[in-house]
Every structure is written in C-alpha cells, then in structure tokens.
Amino acid sequence: MVFKTWISADKKVTTNVIKPGYQYSKKATERANYSVFIENIQVANTAIEDLGEKYNSVILDGICDKSLYIGEANCEIDRQIERVIQMMNIGEKREVTLDIVEDVDQPLVIKFEVTLLDILWHEPIWVWTPQIKYSIALKYKETGVHLFKEHRIIDAFHKFSKACKILITLEPISDLELEKSLENDINNLRLVLYNNMAECHLNRKNYEHTISLCTKILSQENNNIKALYRRGVAYGNLKDVEKAVADLENAVSLEPNNRAVKEQLAIYNAQLQEANKKFEDMMKRMFKG
C-alpha cells in the first residue's frame, strides 16, 4: 500500500511512503548518525555492482544494513539519498526512484526500498559553536581535497561547497567577537574553499564561475597566487587575453620561478602581441587608405 508520493522540484527523486513511521519523531539533520535497511535494488543502464564500484555509492554498495552520518555523502547517488533520509521518520519505509544524470556515462534510473531504523540526533547547525562549525567545515574540505586527487571533480566541488555554506552561517564574523586565532582560521579556510571551488570550475571549463570566485579572493587578498593564476587562465580561455596577461604578470612578479604561471603567461602574452600587431596593421591600412 502506498500512502504518499513526493517528487523533488528538480525531478531527480521520487518517493512513495510504503509504511509510515513514528509521526512525531525528529528528523535527521547535518551530522546525525542514522541507521537504514536497504532492499530490492533495481537499476537501469548498469549493473547493481557498479553502483558501489563505479559510481562510488556507499549506501547502495550491496550491503543492506547501514549506519552513516548526514553530510558524508560523497557521490551524486548518496547525496540524493540523504535528501530522502532527512525527510523520513523513524520506522518509516519508502520506495525511492533516482534519476541520476550528473557525472555519469549515461542516465541511471535506480529504484530501491529504504527503511529508517534509527537516528542518533546531532544538535542543529544554528546552535553549533563557531569552533564546531570550523572543525566540520575543515573536515569537509579535507574530504574534498581527497576526492579532487581521485579526479572526482564534481564530488569534490560539492564537498567544498558544503563546507563553505557552513562558514557562511558565521557571517558577519566581526560580530562574533572570536579569539583572533579562530577568526583568522575561519577567514583563511573560506579563501581556501573559494580557491578550491575555482579550481573545480576551471577544470570543468566553467570560466565565468572561476573568475567570480577568484575575484572574491583577490578582493580580500590581492597577492593570492592561485587566484591570480586561475583567473588569468579563465580570462585567457574566454579570449580576454589582456586581462589574462595582467593577472599572470602579477602572479609571476610574486613567484618568478613558478613554471605553470610562466608557461601560461608566455602563451597569452604571445596571443596579446599578435592581437596588438593585427590592430596596428589594420590602423595603418585605414590611414593609408
């Protein structure tokens, strides 16, 4: 018997409540430890074994009983399942259908049943201390770095973004009257996260987003080599070679022996000189005519 159907606004998730849980139980929030039972997995366009081995799902890796933490989903499949878990009551059972199109070879349609067995609640984010928020954001950042090194760029970006959203809840940080060391740690981590997100965007050729993030960094730290380099490369790929050269020249002046920066500067400097020469030749022809 199906009691209630829910479809996410982005159409990625459809759930049917098969068995209602305890009506007044608390929901799982960020960092809550939850236990679930997964059964009757069906998948189109790949094998069930691939969900764990190829698509990195920890929740749908073939083991039925799971004890996990909200916030630790590191792939698109598990991120969508976490959305479902956070809506469920203890004892509730749902049939779930996922339409996965992000970062996969071909669209996946995954169906399964999940029962929420228990939740060990974590206090909600609005009562976390600044130190706890910083520590959890740092943990997510480190996970993102690990994912990036594994070339899981989208998964890394989601982790950096989640960490950044936690730190945003501390703004304006000047109003919190924190110890200077913690305030500096939080501000530095925010810049690192912006830089890491910019690198993910650059890797995915999202050049406008790369420029936006790097500009945020440089508004607070105008000698940030990584931000200058990444913004310069993004400008170059958008054919704005004048701005590319300006950023890369600034980066070289700060780190004269940085090979990657020097190589990119040479490329865009040559393009800028060629463009200037074409412009000069055109002007000469115009005045000569």
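Analyst: In this predicted model, a helix is a DSSP run of H or I with at least four residues, and helices are numbered from the N terminus.

User: Which helix gives the most to the lining of the second largest pocket?

Analyst: The second largest pocket holds about 220 Å³ of space, and 13 residues line it, with Val192, Asn195, Asn196, Lys226 and Arg230 lying nearest its centre. Helix 3 (130–149), helix 5 (180–203) and helix 7 each supply at least two residues of this lining. The one that gives the most, with six residues, is helix 5.

User: How many charged residues are in the lining of the largest pocket?

Analyst: The largest pocket has a volume of about 480 Å³, and among the 18 residues of its lining, those nearest the centre are Arg79, Glu82, His158, Lys162 and Lys165. Helix 2 (76–85) and helix 4 (153–168) each supply at least two lining residues, and helix 4 gives the most, with six. Sorted by class, the lining of the largest pocket has four nonpolar residues, four polar residues and, as charged residues, ten.

User: Is Ile217 buried or exposed?

Analyst: Ile217 lies in helix 6 (residues 207–220), and beyond its neighbours within four places in sequence, Ile217 is in contact with Leu191, Tyr194, Asn195, Asn224 and Ala227. The cut-off for the buried class is under 20% relative accessible area. Because the relative accessibility of Ile217 is 0%, this residue counts as buried.

User: Which parts does the pair of Arg231 and Asp247 tie together?

Analyst: Side chains of opposite charge can pair when their charged atoms come close. The side chains of Arg231 and Asp247 meet in a salt bridge, with 2.7 Å from N to O. Since Arg231 lies in one helix (residues 225–237) and Asp247 in another (residues 241–254), the pair ties together parts that are 16 residues apart in sequence, namely helix 7 and helix 8.

User: Which residues do salt bridges that share partners join into one network?

Analyst: The side chains of Arg152 and Asp155 form a salt bridge, 3.0 Å from N to O, and both of these residues are buried. Arg231 and Asp247, which also meet in a salt bridge, are both buried as well. The residues joined into one network through shared salt-bridge partners are Lys12, Glu76, Arg79, Glu150, Arg152 and Asp155.

User: How far apart are the closest N and O atoms of Glu92 and Arg94?

Analyst: Glu92 and Arg94 are both buried, and the model has a count of 17 salt bridges. Glu92 forms a salt bridge with Arg94, in which the distance between the closest N and O atoms is 2.3 Å.

Terms used:
Residues numbered from 1 in each chain as written. Predicted model: local features only at pLDDT ≥ 70, side-chain atom pairs only at ≥ 80, totals over all residues. Heavy atoms only, no water. Salt bridge = Lys/Arg side-chain N within 4 Å of Asp/Glu carboxyl O. Buried < 20%, exposed > 50% of the residue type's maximum accessible area, 1.4 Å probe, protein only. Contact = heavy atoms within 4.5 Å. 1 Å grid on protein atoms, 1.4 Å probe; cavity = no way out; pocket = protein on both sides within 12 Å on 5 of 7 lines; lining within 4 Å. Points joined across faces, edges and corners; volume = space filled by probe spheres on them. Nonpolar A, V, L, I, M, F, W, Y, C, P; charged D, E, K, R; others polar.
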